[in-house]
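Student: I have a new structure to look at, and I would like to learn why its parts get the labels they do. Could you take me through it?

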Amino acid sequence: MLYRMKISQDIRREHGGTPAEIEDGMAQKSKEFAASGNRVYLPIAD
């Protein structure tokens, strides 16, 4: 739950606070998540 709050705070900080800006930021984060393979847990890099 805390990580979701961090993501929301990051989006507000990076994309502003209006509903449209937040929606755009969430769409961008969704694309980043899809690009990483839609995996919640990623392998640790060496």
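Tutor: Let us go through the chain, then its helices, charges and surface.

Student: What should I know before we start?

Tutor: This is a predicted model. The chain has 2 helices and 0 strands, and its C-alpha atoms fill a box of roughly 40 × 20 × 20 Å along the principal axes.

Student: How much of the chain counts as buried?

Tutor: Of the 46 residues, 7% count as buried. To earn that label, a residue must have under 20% relative accessible area. The chain exposes about 4200 Å², and carbon and sulfur atoms supply 59% of that.

Student: What makes the pair Lys 29 and Glu 32 a salt bridge?

Tutor: The label asks for a side-chain nitrogen of Lys or Arg within 4 Å of a carboxyl oxygen of Asp or Glu. Between Lys 29 and Glu 32 the N to O distance is 3.6 Å, so the pair qualifies. The structure holds 1 salt bridge.

Student: Why can such side chains pair at all?

Tutor: Side chains of opposite charge can pair when their charged atoms come close. Here, Lys 29 and Glu 32 are 3 residues apart in helix α2, which spans residues 19-35, so about one helical turn separates them.

Student: Why are Lys 29 and Glu 32 called partly exposed?

Tutor: Partly exposed lies between the buried limit, under 20%, and the exposed limit, over 50%. Lys 29 has 26% relative accessibility, so the label fits. Glu 32 has 41%, so the label fits there too.

Student: How many charged side chains are there on each side of the count?

Tutor: There are 7 positive and 7 negative side chains, and the centres of the two sets lie 5 Å apart.

Student: What makes Phe 33 part of a nonpolar patch?

Tutor: A patch residue needs over 30% relative accessible area and no salt bridge, and nonpolar side chains are joined within 5 Å. Phe 33 has 37% relative accessible area, so it passes the area test while still counting as partly exposed. Phe 33 forms the patch with Val 40 and Tyr 41, and together they have about 390 Å² of accessible area.

Student: Where is Phe 33, and which residues does it contact beyond its sequence neighbours?

Tutor: Phe 33 is in helix α2. Leaving aside neighbours within four places in sequence, it is in contact with Asn 38, Arg 39 and Val 40. Contact here means heavy atoms within 4.5 Å.

Student: How do you know that Ile 22 is not buried?

Tutor: Ile 22 has 23% relative accessibility, and buried means under 20%, so Ile 22 counts as partly exposed. Ile 22 is found in helix α2.

Student: Which residues does Ile 22 touch, and how far is it from Ile 11?

Tutor: Not counting residues up to four places away in sequence, Ile 22 touches Ile 11, Arg 12, Gly 16 and Gly 17. Ile 22 and Ile 11 are 11 residues apart in sequence and 6.5 Å apart in space, C-alpha to C-alpha.

Student: Why is Glu 14 labelled partly exposed rather than exposed?

Tutor: Exposed means over 50%, and Glu 14 has a relative accessible area of 48%, so it stays partly exposed. Glu 14 is in helix α1, residues 2-15.

Student: Where does Glu 21 sit, and which residues does it contact?

Tutor: Glu 21 is in helix α2. Beyond its neighbours within four places in sequence, Glu 21 is in contact with His 15 and Gly 16.

Terms used
Residues are numbered from 1 along each chain as its sequence is written. This is a predicted model: local features need pLDDT of at least 70, side-chain atom pairs count only at pLDDT 80 or more; totals for chains, interfaces and linings use all residues. Side-chain values use heavy atoms; hydrogens and water are left out. Helices (H or I, at least four residues) and strands (E, at least two) are DSSP runs, numbered from the N terminus. Buried means under 20% relative accessible area, exposed over 50%, partly exposed in between (1.4 Å probe, protein chains only). Accessible areas come from the Shrake-Rupley method with a 1.4 Å probe; for residues, only the protein chains shown count as cover. Lys and Arg count as positive and Asp and Glu as negative; His and the chain ends are not counted. The place of a charge is taken as NZ of Lys, CZ of Arg, CG of Asp or CD of Glu. Patches are made of residues with over 30% relative accessible area and no salt bridge: like charges are joined within 9 Å, nonpolar side chains (Val, Leu, Ile, Met, Phe, Trp, Tyr) within 5 Å.
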